[in-house]
2 protein chains.
Amino acid sequence: MKKAEIVSLRPDDTSLPGNVKVTRQDWLNTALDLLVSDGVDKVKVLSISERLQVSRSSFYWYFKSRRDLLDGLLKHWEDTNTQSLVAQCALPSATITEGVCNLFCCFIDSENFNVQLDSAVRQWSRQSGAVRRIVDRADATRMAAIQAMFERHDYPSDEAEVRARILYYMQIGYNAVELSEPLEERLKRVPGYLLGFTGQAGRPEEIAAFACRSARKSDPLSGEIGIQV
Amino acid sequence: MKKAEIVSLRPDDTSLPGNVKVTRQDWLNTALDLLVSDGVDKVKVLSISERLQVSRSSFYWYFKSRRDLLDGLLKHWEDTNTQSLVAQCALPSATITEGVCNLFCCFIDSENFNVQLDSAVRQWSRQSGAVRRIVDRADATRMAAIQAMFERHDYPSDEAEVRARILYYMQIGYNAVELSEPLEERLKRVPGYLLGFTGQAGRPEEIAAFACRSARKSDPLSGEIGIQV
DNA sequence: TGCCTTCTGGACAAGACTGTCCAGTTCGGT
DNA sequence: ACCGAACTGGACAGTCTTGTCCAGAAGGCA
């Protein structure tokens, strides 16, 4: 019944085996889990302390206030999702099909891009002007990166913009709907999506390569999202 | 400083001039405004009563509990958005371009379909299993209606499905991003979207007709969304 | 006028949450 | 063994929220 039994699910978990001390990172990780699963309104100091099996007041050793914690979460989001999406877009690609596949990887491989975190932050932005501005800026950055990718593959600027929008909005929408379908189901529709997005059928080898790459990384969405009203 | 000065923004407002009584509908309308602008977590009995300039306890004359109110809001959503989307899809259309334009109307004309309510309910579904199930069912219903529209225009079943998904997810994503751009900006990209969605360029007259229809109904998104953390 | 139904407001209880204070524990270094 | 910094937990105050109770106001109608 010691604290060490609580293991954080985040990859950057700093808790070492035998280290029963709760760190600032533990608070952040647990808050992040809560943000992702229940939304920002459920990120409560008490809830986190209970998960950590630690007194609530310890929180104020690491953080000035709840607001301070929330700022940390937002910072984390800023430093991860947008950056990795932009990086995927900037990857060299022989064809546009390959470029779009690179981008798809963001949304399939949760190591690069946390889709649920993205939805949660977007939801959060609805109730905070400050968050809203940050999200808007991120959206603009992402959109520009996608558009630039199309332009590198010789799409005229205005067509590149429309295609970037279709692609980006569609992914945001897919994430928002959050249906947890098996990866094979998703992959089955990829050729159709590619045609819709690029306006041209990709070469079968390219698509197959992508499917293979995705399947290798596949990690089924872990856990249900079941919370009370 | 009497109650009558508070006027609800909803179209189905039942308050008559001179009627200073606050009705059940007033509570629902105000709650709906709050749900749309701030999210379900901000739908508080106290906040609504303050807006209505009425005692908080009056609420319990009209509603069994806060939960009861929330059920009412969800019911309202169920009875409006999905239904009108399905109706738009079912409208007879000479070409697929015209069909997609009909559907676009849903998202441009707020009389038919309240996009912000849709986002708010979707957000709500993240923290309530019951709401989640209802939203999932609505998504399935809508998707089927869009797919059926493509099939009526002779798209093979599997292609119709992929196209329906691109179209629907893209709209959900667009709503989620919630950028408030002027209608002309949006309309400018419509031909590009149409090409992406249907795989064929629509006839210019059709597109022009749609732009005209939209412009006529245009109502700029009223008000900012600025709330504290 | 007086009665009855409908509706309202003030007082109260209870719980959730934030943030503060402070005494006490733990652990590394000397 | 001792010291001090890092860290923890219990108690408390204050605010916000839901929900209950009940006295009483307002308006329609006999």
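1. DNA strand D. In this predicted model, 18 residues surround DNA strand D. The closest are A:Ser55, A:Ser57, B:Val45, B:Arg56 and B:Arg66. Both protein chains appear in that list. Sugar and phosphate make up 55% of the strand D atoms that come within 4 Å of the protein.

2. Phosphate contacts on strand D. Two of them use the protein backbone. A polar backbone atom of A:Ser55 sits 2.5 Å from a phosphate oxygen of DNA strand D. For B:Arg66, a polar backbone atom is 2.8 Å from a phosphate oxygen of this strand. Note that for B:Arg66 the atom in question belongs to the backbone. A:Tyr62 uses its side chain: a polar atom there lies 3.1 Å from a phosphate oxygen of DNA strand D.

3. Elements and residue classes at strand D. Helix H3 (59-62) of chain A and helix H2 (45-52) of chain B are the elements that give two or more residues to the surface near DNA strand D. By class, that surface has seven nonpolar, five polar and six charged residues.

4. DNA strand C. Here 16 residues surround the strand. The closest are A:Arg56, A:Arg66, B:Ser55, B:Ser57 and B:Trp61. Of the strand C atoms within 4 Å of the protein, 57% belong to sugar or phosphate, and the rest belong to bases.

5. Polar atoms facing strand C. One base contact deserves a look in the viewer. An N or O atom in the side chain of B:Ser57 is 2.5 Å from a base nitrogen of DNA strand C. Two tyrosines face phosphate instead. A polar side-chain atom of B:Tyr62 is 2.9 Å from a phosphate oxygen of the strand. For A:Tyr60, the distance from a polar side-chain atom to a phosphate oxygen of strand C is 3.4 Å.

6. Elements and residue classes at strand C. The elements giving two or more residues to the surface near DNA strand C are helix H2 (45-52) of chain A and helix H3 (59-62) of chain B. At strand D, the elements are H3 of chain A and H2 of chain B. The surface near strand C divides into seven nonpolar, five polar and four charged residues.

7. The protein–protein interface. Chain B and chain A each put 42 residues into their contact. Together they bury about 3800 Å², with 56% of that area on carbon and sulfur atoms.

8. Charged and polar pairs across the interface. There are two salt bridges between chain B and chain A. B:Glu161 and A:Arg189 form a salt bridge, with their closest N and O atoms 3.8 Å apart. Four residue pairs are in polar contact across the interface, with both residues at pLDDT 80 or more.

9. The chain B side. The elements of chain B that give two or more residues to the side touching chain A are helices H1 (24-38), H4 (66-90), H6 (115-125), H7 (129-152), H8 (157-177) and H9 (183-198). H8 of chain B gives the most, with eleven residues. The residues on this side comprise 18 nonpolar, eleven polar and 13 charged.

10. B:Arg132. Is this residue buried or exposed? B:Arg132 counts as buried because its relative accessible area is 16%, under the 20% cut-off. The residue belongs to helix H7 of chain B. Neighbours within four places in sequence aside, B:Arg132 is in contact with A:Val177, A:Glu178, A:Leu179 and B:Ser125.

How values were computed
Residues are numbered from 1 along each chain as its sequence is written. Chains are lettered from A and ligands numbered from 1 in the order in which they are written. This is a predicted model: local features need pLDDT of at least 70, side-chain atom pairs count only at pLDDT 80 or more; totals for chains, interfaces and linings use all residues. Side-chain values use heavy atoms; hydrogens and water are left out. Contact means heavy atoms within 4.5 Å. Buried area is the accessible area (1.4 Å probe) that two parts lose on being put together, summed over both. A salt bridge is a side-chain nitrogen of Lys or Arg within 4 Å of a carboxyl oxygen of Asp or Glu. A polar contact is a pair of N or O atoms within 3.5 Å; within protein, one must be able to donate a hydrogen and the other to accept it, and residues adjacent in sequence count only if both atoms are side-chain atoms. Helices (H or I, at least four residues) and strands (E, at least two) are DSSP runs, numbered from the N terminus. Ala, Val, Leu, Ile, Met, Phe, Trp, Tyr, Cys and Pro count as nonpolar, Asp, Glu, Lys and Arg as charged, and the others, Gly among them, as polar. Buried means under 20% relative accessible area, exposed over 50%, partly exposed in between (1.4 Å probe, protein chains only). A residue is near a molecule or strand if one of its heavy atoms lies within 4 Å of it.
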